[in-house]
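Visitor: Could you take me on a close look at one part of this molecule? I'm new to reading structures, so please go step by step.

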Amino acid sequence: MLGSLTKTIKAAALGKQYTTEFPEHRESLPDSYRGRLRLDMSTCISCSACAIICPNQTITMVDVLTDKGKKVMPLVGHERCLFCALCEEVCPPKCLTLTKSYDYEAYDKRELLTRPEELE
Ligand code: SF4
Ligand code: SF4
């Protein structure tokens with residue numbers, strides 16, 4: 001916080017632009033940062049534990065067609081996600097994980113509904 005304020009004051013004093021180009025330049029994120037979810041469809045066992053544990057009903061199990069036939073896997077509504085990581089903790093094969101990605105801007109919240117195939 002203080003670092004950002006110092007940068008802003010220095011930039012203002014020098015008459016420089018303070019904002020940085022995005023997405024070319026990105027802030028470094030803390031190790032504890034939790035962002036967009038990722039799913040490894042090849043190891044998901046369709047147990048639904050992630051959907052059951054989610055405190056905000058963010059995950060819906062939906063049909064997907066895989067090499068091994070039809071299965072159910074999580075669809076994530078990122079607009080509702082609390083990034084609490086309970087789904088990651090409970091997932092038996094650890095195939096559902098939180099990443100450091102924060103690129104999920106949208107004009108309509110329905111665009112943030114992410115199907116299993118898009119979570120890979
Ligand atoms: S991080 Fe928390 S809120 Fe988000 S999908 Fe997982 S359990 Fe639900
Ligand atoms: S992502 Fe993990 S917890 Fe969710 S259905 Fe697949 S194996 Fe189960």
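Guide: Happy to! A word we need at the start is "strand": here, a strand is a run of at least two residues that DSSP marks E, and strands are numbered from the N terminus. Please keep in mind that this is a predicted model.

Let's begin with the hairpin. Strand 2 and strand 3 form it, with 2 residues between them. Strand 2 covers residues 59-66 and strand 3 covers residues 69-77; the two run antiparallel and are joined by 8 bridges. To find your way along the pairing, look for L65, which stands opposite K70 in strand 3.

Now stay with strand 3, which has another partner. Strand 5, residues 113-114, pairs with strand 3 through 2 bridges, again in the antiparallel sense. Here you can pick out V76, whose bridge partner in strand 5 is T114.

From the hairpin we can step over to ligand 1. Among the residues around this ligand is I59, and residue 59 is also where strand 2 begins. The other residues around ligand 1 are C54, P55, T58, C81, L82, F83, C84, A85 and C87. Sorted by class, that shell has 9 nonpolar residues, 1 polar residue and no charged ones. And which cavity holds ligand 1? Ligand 1 sits in the largest cavity.

Ligand 2 makes a good companion to look at next. It is surrounded by 15 residues, and the closest are C44, C47, S48, C50 and C91. Its shell divides into 13 nonpolar and 2 polar residues, with no charged ones. The space that ligand 2 takes up is the second largest cavity.

Let's finish with strand 5 as a landmark for one more feature, an aromatic pair. The count of such pairs comes to 1. Y33 and Y102 form it in an edge-to-face arrangement, with 6.3 Å from centre to centre and 80° between the planes. This pair links distant parts of the chain, as its members are 69 residues apart. Y33 lies in the loop between helix 1 (2-13) and strand 1 (37-39), while Y102 lies in the loop between strand 4 (96-98) and strand 5.

Are these two tyrosines buried or exposed? Y33 has 27% relative accessibility, so it counts as partly exposed. Y102, at 26%, counts as partly exposed too. The reasoning is simple: buried means under 20% and exposed means over 50%, so values in between are called partly exposed.

Methods:
Residues are numbered from 1 along each chain as its sequence is written. Chains are lettered from A and ligands numbered from 1 in the order in which they are written. This is a predicted model: local features need pLDDT of at least 70, side-chain atom pairs count only at pLDDT 80 or more; totals for chains, interfaces and linings use all residues. Side-chain values use heavy atoms; hydrogens and water are left out. A residue is near a molecule or strand if one of its heavy atoms lies within 4 Å of it. On a 1 Å grid over the protein atoms alone, a cavity is a set of points where a 1.4 Å probe fits but cannot get out, and a pocket is an open set with protein on both sides within 12 Å along at least five of seven lines; lining residues have an atom within 4 Å of a point. A molecule sits in a cavity or pocket if more than half of its atoms lie within 2 Å of its grid points. Ala, Val, Leu, Ile, Met, Phe, Trp, Tyr, Cys and Pro count as nonpolar, Asp, Glu, Lys and Arg as charged, and the others, Gly among them, as polar. Two strands pair if DSSP finds at least two bridges between them. Helices (H or I, at least four residues) and strands (E, at least two) are DSSP runs, numbered from the N terminus. Rings of Phe, Tyr and Trp (its six-membered ring) pair if their centres lie within 6.5 Å; planes under 30 degrees apart count as stacked, over 60 as edge-to-face and the rest as tilted. Buried means under 20% relative accessible area, exposed over 50%, partly exposed in between (1.4 Å probe, protein chains only).
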